[in-house]
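Me: I would like a close look at one part of this model, taken slowly and with the cut-offs stated where they matter. Please begin from a single pair of residues and work outwards to the surroundings.

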Amino acid sequence: MTAGAALASDSEGVTILHENGEGKAANPGRSPMYSMQAFLEGKLKLEEFARSEEERPTVPHNVFDETLPIIDIGALKDGTPEERANNVAIMLEAAKSWGFFKITNHGVPLEVVKQVEVNGKEFFALPMERKLLVRAPDFVFGYTGGSPLTWKSKWWLEGLMIKVTDDALDELVAQVYPDEGEFAARFKKDLKSFFSPMHELSRFIVEELTQALGLERDSFTRLESPNSNCTGRMNHYPVCTDPDVVLGIPPHADTQMLGILYQDDVGGLQVLKDDEWVGIKPDDSTFVVNIGDTFQAVSNGILRSSPHRAVVNAKKDRYSTIYFYGIDNTITLTVPTELVTEDRPLKYRPFTVSEHRKYIVDNEAPLHSARHLLIDPQAT
Ligand SMILES: [Fe+2]
């Protein structure tokens with residue numbers, strides 16, 4: 001395989017040929033990707049990333065709303081009954097109204113977080129031909145120099161999608177540092193030191209929310225399996241000389257149960273709250289949690305999977321690291337009967353995570369969220 005071309009197939013077995021951003025889709029109807037790659041290699045101009053007037057960012061990267069609730073995980077775990085009840089109530093309300101909240105006292109040491117960020121920066125600084133070798137056969141995992149969905153979406157970012165299992169991490173580090181055993185060992189160790197506690201943290205938050213909904217704590221987490229959609233991701237948003245016309249990631253909702261994000265001090269993550277784009281202020285002591293489509297659907301729409309996006313800036317590259325927590329891809333999920341009442345009739349039909357993800361990818365409809373899973377798709 002040459003540096004500029006990668007043959008890969010997505011998790012649904014669709015094969016795509018990528019060629020330096022100017023490739024042709026091997027199957028009609030699907031587009032090649034690597035848009036950022038093409039820009040970095042001088043094959044695309046910034047103007048080609050320009051969004052339509054309606055899509056362009058309206059809020060700069062460094063304007064923030066500071067009312068996003070902050071949940072004290074330490075108080076949830078070891079606090080007094082009153083502290084616990086208070087934090088649970090705030091978290092549940094935030095998950096319903098924002099679909100987002102911050103967490104503090106989460107127990108993941110800052111030096112572990114920062115080391116993973118350093119590793120990410122080192123990875124993204126590698127020559128493009130090295131990064132392009134970091135591909136898994138299932139297309140979803142590995143390096144992408146742009147959107148994982150479509151060439152036309154023109155995301156101003158590059159990313160590394162990481163399957164967090166021992167075998168997958170071995171494969172990843174062997175691809176990133178084939179001749180540098182010391183780097184490879186450190187890279188893997190650092191990723192595990194970060195993503196293992198992030199997994200436990202995700203599971204804990206899902207269980208707290210599940211219990212707060214009036215269900216048994218493990219109603220959803222017991223559906224974890226080797227087929228679960230648990231994934232790590234590193235994002236790099238390069239500086240852009242005209243940040244007002246492009247988007248790092250256009251508005252979308254996440255498909256999994258839950259995501260936990262650490263962002264550096266630059267700023268750029270924005271969530272749609274009450275039809276307004278709201279910037280989430282970075283700070284080293286907190287992570288940002290968001291509810292995904294799967295959790296929204298299995299909670300009968302009580303929890304909210306909110307559209308969010310990333311804007312870029314002209315001064316500083318931005319880096320973020322995310323852990324996505326998912327449950328089994330193939331089990332048919334249904335809304336627990338406890339969440340169906342006269343006031344809140346059943347809204348979501350049975351579905352599988354893989355079916356949902358396939359719909360989003362095939363229809364290139366990231367903003368569509370879980371609407372196609374509604375029993376009445378016209379309902380809001
Ligand atoms: Fe997202």
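Which residue in E6 is the bridge partner of Thr-144?

Reply: The bridge partner of Thr-144 in E6 is Gly-159. Before going outwards from that pair, two remarks on the basis of the description are needed. Residues are numbered from 1 along each chain, as its sequence is written. The model is a predicted one, in which local features need pLDDT of at least 70 and side-chain atom pairs count only at pLDDT 80 or more, while totals for chains, interfaces and linings use all residues.

The pair belongs to the junction of E5 and E6, two strands that run antiparallel and are joined by 3 bridges; strands are said to pair if DSSP finds at least two bridges between them. Strands (E, at least two residues) and helices (H or I, at least four) are DSSP runs numbered from the N terminus, and the chain has 14 strands and 9 helices. E6 (158-163) is mostly covered, since 5 of its 6 residues are buried. Here a residue is buried if 20 or more other C-beta atoms, placed from the backbone, lie within 10 Å of its own, exposed if 12 or fewer do, and partly exposed in between. By that criterion, 43% of the 380 residues of the chain count as buried.

E6 is also joined to E7, by 6 bridges and in the antiparallel sense, and here Leu-160 has Met-234 in E7 as its bridge partner. Met-234 in turn stands opposite Thr-321 in E14, where E7 (residues 231-237) and E14 (residues 318-325) pair antiparallel over 7 bridges. In general, strands of a sheet pair through backbone hydrogen bonds, either parallel or antiparallel.

These strands belong to an open sheet of 8 strands with mixed pairing, in the order E3-E4-E12-E9-E14-E7-E6-E5. Strand E3 (70-72) and strand E5 (142-144) stand at the edges with a single partner strand each, so one side of each has no neighbour in the sheet. From one strand to the next, the twist averages 25°.

Further along this sheet, strand E12 (residues 287-291) holds Val-289, which counts as buried because 27 C-beta neighbours lie inside 10 Å. Leaving aside residues up to four places away in sequence, Val-289 touches Phe-100, Phe-101, Ile-103, Ile-205, Leu-258 and Ile-260, where a contact requires the two C-beta atoms, placed from the backbone, to lie within 7 Å. The C-alpha atoms of Val-289 and Phe-324 are 9.8 Å apart, although 35 residues separate the two along the chain. For the chain, residues 24 or more positions apart account for 73% of the contacts with a separation of 6 or more.

On the helical side of E6, helix H6 (residues 166-176) has Leu-169, Leu-172, Val-173 and Val-176 as its buried residues. They cover an arc of only 90° around the axis, which puts them on the same side of H6; the arc is that of the directions from the helix axis to the C-beta atoms. Asp-167 and Asp-170, on the other side of H6, are exposed. The buried residues of H6 pack against E6, helix H4 (110-124) and helix H7 (181-212).

The axes of H6 and H7 come within 9 Å and cross at roughly 140°, axes being lines fitted to C-alpha atoms, for helices over the stretch in contact, with angles running from 0 to 180 degrees between N-to-C directions. That makes H6 oblique to H7, because angles under 35 degrees count as roughly parallel, over 145 as roughly antiparallel, 65 to 115 as roughly perpendicular and the rest as oblique. The crossing of H6 past H7 is right-handed, meaning that the near helix is turned clockwise from the far one by less than a right angle (anticlockwise would be left-handed). In this crossing Leu-169, Val-173, Ala-174 and Val-176 in H6 meet Ala-184, Phe-187, Lys-188, Leu-191 and Lys-192 in H7.

H7 also packs with helix H3 (residues 81-97), at an angle of about 90° and with the axes 10 Å apart, and H3 and H7 are therefore roughly perpendicular to each other. Val-88, Met-91, Leu-92 and Ala-95 of H3 make this contact with Glu-208, Leu-209 and Ala-212 of H7.
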